[in-house]
Amino acid sequence: TMDCREPFSTKAVAKLLAIVGDRSISPLKNASWEDVMTHTAARLKWIEEGYKLLVFTDSALAKQEKEIKLAVAQTDILIIINVQNQGSVKWVLQNTQMIPTVFCFDCFPALENKLGGLKVSNNNQTMIEKLLLSVPGNEVKESLEILRTVQEAWGRHNSDDIRFSLLLLINSFVRPVPILQNLRAKGFSTLYCMIKNCGPQIIDCLLDPNCRKALVCLNKCAPTDQ
C-alpha cells in the first residue's frame with residue numbers, strides 16, 4: 001500500500017492524523033493497522049464528508065516528512081498506534097507538540113495522551129488525575145472520563161468501536177458531531193451507555209442516510225410525541 005495521502009482539504013471540519021507502526025498487525029482479523037485505519041477513514045467520510053483522517057505508517061516519517069509536517073500543522077487530533085521504533089518516537093515527540101489532542105494506543109511509554117493540551121499518563125493515574133476525577137462538574141474530569149471511555153472502546157477491538165471512539169473525540173475536542181447530538185443523550189454518561197449497549201445498531205443507523213434523516217426528523221418532535 002502506498003503511503004502517499006492527499007492533504008487536508010479546505011472542506012475538512014475535523015482533521016485527524018493517524019501514525020501507525022509500519023507493518024503492525026491489529027487484532028481485527030489480523031489486518032494491518034494501516035489498512036484498518038484507512039478503511040476507518042473512508043467510513044468516517046460516509047458519516048460526514050468533512051471528517052478527514054489521514055493515515056501514515058511511521059516508516060513514512062522520513063520518506064514523506066514534508067507532507068506529514070504540513071498535515072501536523074493543521075491536525076486537530078493525533079492518533080498514534082503501535083509505534084515502538086525509537087527513531088519514530090523521537091520524531092513524534094519533536095514534531096507534534098502543537099497538536100492539542102493526542103491519543104496513543106499500544107505505543108512506547110514516552111508517547112503520552114494529551115487532552116486539549118493537558119498531558120495525561122497512559123498507565124496508572126497520577127494523584128492529580130485522581131483528585132480531578134473526584135471533583136464533580138469538572139471539565140478535566142469529563143476529559144479524563146472520555147479518555148477512559150475511548151481506551152475501553154478501543155480495547156474491544158472491533159471496527160464499530162473504533163469509529164465510535166473517533167466520533168467521540170471529534171465531538172469532545174473539535175466540534176459537536178450532529179449525529180451524536182441527534183441521539184438526544186443527556187450528557188456524556190448517557191451517550192456512552194447507549195453506545196456500549198447498542199453500539200453496532202447505532203453505528204449502522206448513523207451510516208444509513210435514511211436512518212440519519214429519521215433521527216433528524218425525530219428530534220424535531222417533542223419528546224412526548226416520539
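**Close-up views of the model**

**View 1. The buried residues of helix α4 pack against β1 (14–20), α2 (60–63), α3 (65–72) and β3 (77–81).** This is a predicted model, in which local features need pLDDT of at least 70 and side-chain atom pairs count only at pLDDT 80 or more, while totals for chains, interfaces and linings use all residues. Residues are numbered from 1 along each chain as its sequence is written, and side-chain values use heavy atoms, with hydrogens and water left out. Helices (H or I, at least four residues) and strands (E, at least two) are DSSP runs numbered from the N terminus. Buried means under 20% relative accessible area, exposed over 50% and partly exposed in between, with a 1.4 Å probe and protein chains only; contact means heavy atoms within 4.5 Å. In α4 (residues 86–95), look for buried S88, V89, W91, V92 and N95. Seen down the axis of α4, these buried residues fall within an arc of 160°, so they line one face of the helix; the arc is that of the directions from the helix axis to the C-beta atoms. K90 and Q94 are exposed on the other side of α4. Where α4 starts, the backbone nitrogen of G87 has a side-chain oxygen of N85 within 2.9 Å.

**View 2. The largest nonpolar core has 36 residues.** Such a core is a set of buried Ala, Val, Leu, Ile, Met, Phe, Trp, Tyr and Cys residues joined through side-chain atoms within 4.5 Å. W33, M37, L53, I79, W154 and L166 have the most contacts inside this core. At least two of its residues come from each of β1, α1, β2, β3, β4 (101–105), α6 (139–154) and α7 (159–173). The most comes from α7, with seven residues. A second, separate core of 21 residues includes F56, L61, V102 and L111.

**View 3. W33 sits among the buried residues of α1.** Leaving aside residues up to four places away in sequence, W33 touches V20, S24, I25, S26, P27, L28, I81, N82, W154 and I162. Its companions in α1 that are also buried are E34, V36, M37, T40, A41, R43, L44 and I47. The helix α1 has 15 residues and spans 21 Å from its first C-alpha to its last, close to the 21 Å expected at 1.5 Å a residue; that expectation is 1.5 Å times one less than the number of residues.

**View 4. Strand β4 runs parallel to β3.** Five bridges join these two strands, and two strands pair if DSSP finds at least two bridges between them. One bridge to follow by eye links I77 with T101 in β4. Five of the five residues of β4 are buried, so the rest of the structure largely encloses this strand. In a regular strand the side chains alternate between the two faces of the sheet. Here T101, F103 and F105 point one way from β4, while V102 and C104 point the other way.

**View 5. T57 in strand β2 makes a polar contact, side chain to side chain, with S59.** The distance is 2.8 Å. A polar contact is a pair of N or O atoms within 3.5 Å; within protein, one must be able to donate a hydrogen and the other to accept it, and residues adjacent in sequence count only if both atoms are side-chain atoms. With a relative accessible area of 1%, T57 is buried.
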